[in-house]
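Got a minute to go through this model with me? I'd like to take it question by question, starting from the outside and working in.

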Amino acid sequence: MLNKAVVLLSGGLDSATTLAIARSEGFACYCLSLDYGQRHGSELEAAQRVAAALGASEQRTIKLDLAAFGGSALTDEKIAVPNAPSAGIPVTYVPARNTIMLSLALAWAEVLGSRDIFIGANAVDYSGYPDCRPEYLEAFEKMANLATKSAVEGNTMHIRAPLGSLSKAEIIRRGIELGVDYRLTVSCYQAGEDGSACGTCDSCRLRRQGFVSAEIADPTRYQPETNS
C-alpha cells in the first residue's frame with residue numbers, strides 16, 4: 001500500500017504542481033481545500049478538477065468562513081484587490097490562513113495515519129506573505145510534533161513544501177514534466193465565476209510572468225477586457 005499524504009489544494013498553479021510532485025514520490029494523496037469565503041470561489045471547482053485529473057485518492061472541501069473576520073481583500077468586498085504592486089505585505093494576505101489550513105490538514109493526517117503534509121508555499125516568486133517562509137513552516141512542523149498523539153507515539157510529522165526555493169518558471173516546468181494541465185487551475189484573486197482571470201492582480205502577474213520566463217504558452221483564460 002502507498003503511504004498517505006495530505007495535500008493542501010487550493011486549485012491554483014502552485015498547489016496543483018505540489019500535488020503532482022507528491023504523486024510522483026509515490027504517495028496516495030488526500031487533498032484538502034478550504035472554502036473560507038474567498039471572493040475567487042471558482043478556485044474550489046478548479047481544486048476538484050485538478051484532484052480528479054491527477055489521480056488523488058480523495059478530495060474534501062472544508063467550509064470555514066474567514067469572511068466573518070475580514071481583514072483581507074480576498075474576504076472583504078470593501079477592500080479592493082490591488083492592480084499594481086505595493087510595498088510591504090499586500091492586502092490580499094488572509095490573516096493566519098496557512099496556519100488554519102495546516103492545522104486542518106494536520107488533524108486529517110493524524111486520522112489517516114499519514115506523516116506527510118504537502119503545501120504549495122513558495123518563497124521566491126510570491127506575494128510576500130509571512131506564512132510562506134521556510135522558518136514558519138519549520139516552526140509549524142515542530143509544533144505539530146509536540147501537539148499530536150501520533151507524533152508523541154513516534155510517528156514524526158513532516159511539513160513538505162517542495163516548491164519553496166523554486167521560481168515560478170521552474171515550478172511551471174516541473175509541473176509540465178509531471179503532466180499538470182494548467183488549463184484546469186485558477187490562480188486569480190478576483191476570478192470570474194467561470195474561472196477566467198483578471199490579468200492584473202498580484203497572482204495573475206506572477207503566473208503570467210512565470211509562463212513567459214519558462215517559455216511555455218500561457219493557457220490561462222483571461223477576462224475579455226484584459227486578454228492579451
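Q: Is K149 buried or exposed?
A: Keep in mind that this is a predicted model, so the values are computed from it. The cut-off for calling a residue exposed is over 50% relative accessible area. K149 has 57%, which makes it exposed.

Q: Which residue forms a salt bridge with K149, with the closest N and O atoms 3.1 Å apart?
A: A salt bridge needs a side-chain nitrogen of Lys or Arg within 4 Å of a carboxyl oxygen of Asp or Glu. The closest N and O atoms here are 3.1 Å apart, so the pair qualifies. The partner is exposed as well, with a relative accessible area of 55%. That partner is E153.

Q: How many salt bridges are there by this rule?
A: The pair of K149 and E153 is a salt bridge, and R205 with D202 is another. By this rule, the count comes to 13.

Q: What separates R205 and D202 along helix 7?
A: Their side chains form a salt bridge, with the closest N and O atoms 2.4 Å apart. R205 counts as partly exposed, at 24% relative accessibility. Both residues sit in helix 7 (residues 202-214), and because they are three residues apart there, the separation is about one helical turn.

Q: Which residues are joined into one network by salt bridges that share partners?
A: Start with the side chains of E25 and R160, which meet in a salt bridge at 2.5 Å, N to O. E25 counts as partly exposed at 41% relative accessibility, and R160 counts as partly exposed at 24%. Through shared partners, the network joins E25, R160 and D116.

Q: How many residues apart are E25 and R160?
A: E25 is in the loop between helix 1 (13-24) and strand 2. R160 belongs to strand 5 (residues 158-160), so this pair links distant parts of the chain. They are 135 residues apart.

Q: Which helix gives the most to the largest nonpolar core?
A: In general, nonpolar side chains tend to be buried together in soluble globular proteins. The largest nonpolar core here has 41 residues, and V6, L102 and I117 have the most contacts inside it. Strand 1 (4-8), strand 2 (28-35), helix 3 and helix 4 each supply at least two of its residues. With seven residues, the top contributor is helix 3.

Q: What does L102 contact, leaving aside its neighbours within four places in sequence?
A: L102 is among the residues with the most contacts inside the largest core. Leaving those sequence neighbours aside, L102 is in contact with L8, I117, I119, Y136, L137, F140 and I159.

Q: At roughly what angle do the axes of helix 3 and helix 4 cross?
A: The axes of helix 3 (residues 97-112) and helix 4 (residues 134-147) come within 12 Å. The contact is made by N98, T99, L102, S103 and L106 on helix 3, and by Y136, L137, F140 and A144 on helix 4. By class, that gives six nonpolar, three polar and no charged residues. The crossing is right-handed, and the angle is roughly 35 degrees.

Q: Is T92 buried or exposed?
A: T92 has its place in the loop between strand 3 (58-63) and helix 3. Beyond its neighbours within four places in sequence, T92 is in contact with S72, A73, L74, V81, P82, Y129 and Y189. The cut-off for buried is under 20% relative accessible area. T92 has 2%, so it is buried.

Note on methods:
Residues numbered from 1 in each chain as written. Predicted model: local features only at pLDDT ≥ 70, side-chain atom pairs only at ≥ 80, totals over all residues. Heavy atoms only, no water. Axes fitted to C-alpha atoms, helices over the stretch in contact; angles between N-to-C directions. Helix = DSSP H or I, 4+ residues; strand = E, 2+ residues; numbered from the N terminus. Left-handed = near helix turned anticlockwise from the far one by under 90°. Contact = heavy atoms within 4.5 Å. Nonpolar A, V, L, I, M, F, W, Y, C, P; charged D, E, K, R; others polar. Core = buried A, V, L, I, M, F, W, Y, C linked by side-chain atoms within 4.5 Å. Buried < 20%, exposed > 50% of the residue type's maximum accessible area, 1.4 Å probe, protein only.
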